[in-house]
Amino acid sequence: MVLEVLEAAKWSLSQKHSDSFSSTDSGYVGYMKRLRYCDYLGKYFCDSCHKGCEAIIPARVLSNWDFGRYPVCQFSKQILESIWEKPLFKITDVAKKLYSQAKELQKFRELQEQLISIKKLLKACRLSKGVLDEFQQLPSHLSDELHLFAMDDLIKIKRGQLLTIAKAIMKSAVDHVEACQLCLANGFICEFCHGKDVLFPFQTDICTRCQECRACFHTSCFRNDACPKCIRIQNRRAARR
Ligand SMILES: [Zn+2]
Ligand SMILES: [Zn+2]
Ligand SMILES: [Zn+2]
Ligand SMILES: [Zn+2]
């Protein structure tokens with residue numbers, strides 16, 4: 001929605017400027033010499049609208065993971081500054097290939113999946129306030145949903161800053177869960193092998209979740225066609241009939 005508003009603003013501004021001079025104007029040649037290109041709008045501007053500032057261009061980040069600085073007019077500079085920290089970019093909608101292009105982003109997403117999952121677990125625990133507060137080191141949208149980013153997030157992911165913060169939060173969260181009786185009670189025992197370890201959905205590296213009953217199992221044990229819990233549920237239903 002906000003993006004549409006931005007597009008409309010871009011359009012009306014570029015109309016105003018490109019229509020304001022025609023080749024028959026007497027000052028045209030001198031004017032052309034003073035024109036400056038705005039990479040964000042893809043248009044030329046006079047030197048009172050364009051002071052030669054540079055900015056990172058969202059479209060270039062999203063299409064090429066390119067964080068270079070390009071010349072922008074004053075209007076674009078203002079817009080880009082105002083949206084810098086706003087989570088406006090849903091990667092899966094606007095830049096489908098970005099995860100495969102940007103290793104740092106893919107890596108962050110893997111950790112983010114675990115963070116989102118463990119945060120849900122912590123929210124159900126009345127002893128978790130301290131560790132939940134640590135999540136505030138990240139913008140909240142990053143631990144609430146996948147794929148949604150601000151430009152500020154993307155550059156910090158590129159620099160590795162967010163991964164470092166996310167790792168530290170994840171460590172505190174896991175430390176809490178492993179030591180908390182309330183959280184442990186919300187874990188799963190693998191019903192294939194009946195091992196002693198408690199499994200959680202956030203352990204995406206070792207644990208698989210049944211799509212039907214949402215129970216967790218060791219990935220190495222899990223067989224989709226033979227989920228013990230689903231079979232139990234089916235048997236119970238059959239017995240009731
Ligand atoms: Zn102008
Ligand atoms: Zn807990
Ligand atoms: Zn198992
Ligand atoms: Zn199941």
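Which cysteine sulfur is closest to the sulfur of Cys38, and how far away is it? The sulfur of Cys38 lies 3.9 Å from that of Cys73, its closest cysteine sulfur, which is too far for a bond. A disulfide is here a pair of cysteine sulfur atoms within 2.5 Å, and the structure holds 0 of them. Cys38 is buried, at a relative accessible area of 0%; buried denotes under 20% relative accessible area, exposed over 50% and partly exposed in between, with a 1.4 Å probe and protein chains only. For Cys216, the closest cysteine sulfur is in Cys207 at 3.6 Å, again too far for a bond. Cys216 also counts as buried, with 0% relative accessibility.

The model is predicted, with local features requiring pLDDT of at least 70 and side-chain atom pairs pLDDT 80 or more, whereas totals for chains, interfaces and linings use all residues. Side-chain values use heavy atoms, without hydrogens and water, residues are numbered from 1 along each chain as its sequence is written, and chains are lettered from A and ligands numbered from 1 in the order in which they are written.

The zinc ion (ligand 3) is bound by Cys190 (SG), Cys193 (SG), His218 (ND1) and Cys221 (SG) as protein donors, at 2.1 to 2.3 Å. Donors are N, O and S atoms within 2.8 Å of the metal (3.2 Å for Na, K and Ca); water is not among the atoms, so sites may look incomplete. Along the chain, the donors follow the spacing C-x2-C-x24-H-x2-C. Cys190 belongs to the loop between β7 (188-189) and β8 (198-199), and His218 to strand β10 (residues 216-218), so this pair ties together parts 28 residues apart in sequence. Strands (E, at least two residues) are DSSP runs, numbered from the N terminus. Cys190 is buried at 1% relative accessible area, and His218 is buried at 12%.

Terms used: Helix = DSSP H or I, 4+ residues; strand = E, 2+ residues; numbered from the N terminus.
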